[in-house]
Amino acid sequence: MSEPTSFLLPSDRIPKAWYNLNADMPEPIPPPLHPATRLPAGPDDLTAIFPENLVMQEVTPERWVEIPDPVREVLALWRPTPLLRAVRLERHLQTPAQIYYKYEGVSPGGSHKPNTAVAQAYYNKIAGTKRLATETGAGQWGSSLALACSLFGLECRVYMVKVSFEQKPYRKLMMQTWGAEVFASPSDQTEFGRRVREQDPECAGSLGIAISEAIEDTVKTPGTKYSLGSVLNHVILHQTVIGLEALEQMEMAGPEPDIIIGCVGGGSNFAGLAFPFVEKKLAGKASYKIVAVEPTACPSMTRGDLRYDFGDTAGMTPLMMMKTLGHEFMPPPIHAGGLRYHGMAPMVSHAHKLGLIDAVAVPQTHVFDSAVTFARTEGIVPAPESAHAVAVAMDEAIAAREAGQKKVILFGLSGHGMLDLTSYENFLAGRLQDV
Ligand SMILES: *Cc1c(COP(=O)(O)O)cnc(C)c1O
């Protein structure tokens, strides 16, 4: 081995503050609107479901927000996460490009999601919240919040999209192991869930329905607050530890990246990796091509409209200015469960509108094909969501080979796929189709 391939930081290099791109956006994001009055929603409209300290983070104009020590202490269970150079993949592709990836699969939940779950559980705990309610698709978010609640001594209630509840028992079992209560959504626990079940007893559920159930639970149960694993400003803020560490690790590695790539569902792991680099771009210190990758089956960035829309199916959340396929959009059952959201984070949508980032959609057979190549060269089996970023990183490395360019590629490997092997089974058996 001639050159180093892993770039590791000690635990005292966990960032001490999160980065808020809203402080540097060339123009501000249009404010969220109250769902009934359609007037700008103030902090008061959000404190029914979120604790005040997180609401203040949601709207903060501060560029840097200090990370409390108890949060850093929990993050130190798996952070700083490694940055690796994929030399074996480079060789396999015979590309002159260098490929680096920031690996978030080392967390106890196996993805980036605990980064914000831990922060949210902490702020709820100090605000006096007793119980958190949330929704989950394939279970990554529910399991991350269950983990964080167990570490900070909070009760946790998870509404899990029914099709995943039935087909993917392992994350449900992780949630239960960490002490959470888990219900298949639509459930009989809420009025909205019961109404959906009456209208369509076979309903397989959706994230939008599960969000509506979790919010109804929150407003009707004393001591309960709601927690969301993506989309919102404070979630993206918490995820910037990824990019802040990666900036430092790329400095250790040497070259500036030319291209930065992340997969997008609600946008949080992508933004977490990319926004600290966007800061450098805005400051004129570097120029990067920054690419958000989504599935062609749920193309909110590349095919959606930029307009006000609800975050949930029932229309209970504030309206947010975002790239959206419409809150009633029912995505087809592709295997990357975490990328099946109808909208996109307002911050990511706005950064796209301002031309700070690009977006591309890729079909799932190409995604799994790339993921298998990655697994066979680098070892890690990527989460199906993360595999979208793998696919575009490989596309870029091949394009660099064709053009004879020494590009430096950095992508976010947001999680491992050890609990998503059924989708690999389907791919390997030739049962996956593009929609
Ligand atoms: C949930 C999830 C995603 C998608 O969510 P974002 O908020 O867009 O990051 C991506 N990768 C993994 C591994 C996930 O669990």
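# How the two domains meet

User: How do you know that domain 1 and domain 2 are in contact in this predicted model?

Analyst: In this predicted model, 47 residues of domain 1 are in contact with 48 residues of domain 2, where contact requires heavy atoms within 4.5 Å.

User: Which stretches of the chain make up the two domains?

Analyst: The domain assignment gives domain 1 as 6–14 + 77–110 + 240–428, and domain 2 as 17–66 + 114–233; the C-alpha centres of domain 1 and domain 2 lie 22 Å apart.

User: What area is buried between domain 1 and domain 2, and what do carbon and sulfur atoms give?

Analyst: About 4,000 Å² is buried between domain 1 and domain 2, and carbon and sulfur atoms give 70% of this area.

User: Why is the pairing of Glu27 and Lys353 called a salt bridge?

Analyst: The side chains of Glu27 and Lys353 come to 3.1 Å, N to O, and the cut-off for a Lys nitrogen and a Glu carboxyl oxygen is within 4 Å, so the pair qualifies as a salt bridge. Between domain 1 and domain 2 the count is two salt bridges, while 11 residue pairs are found in polar contact across the interface.

User: What makes up the side of domain 1 that touches domain 2?

Analyst: The elements that give two or more residues to that side of domain 1 are helices H11 (233–253), H12 (268–282) and H14 (346–353), together with strands S12 (305–310) and S13 (319–324). The largest share, six residues, comes from H12, and the residues of this side divide into 27 nonpolar, 13 polar and seven charged.

How values were computed: Residues numbered from 1 in each chain as written. Predicted model: local features only at pLDDT ≥ 70, side-chain atom pairs only at ≥ 80, totals over all residues. Heavy atoms only, no water. Domains from an automatic or database assignment. Buried area = accessible area lost by both parts, 1.4 Å probe. Polar contact = N/O pair within 3.5 Å; in protein donor to acceptor, adjacent residues only side chain to side chain. Helix = DSSP H or I, 4+ residues; strand = E, 2+ residues; numbered from the N terminus. Nonpolar A, V, L, I, M, F, W, Y, C, P; charged D, E, K, R; others polar.
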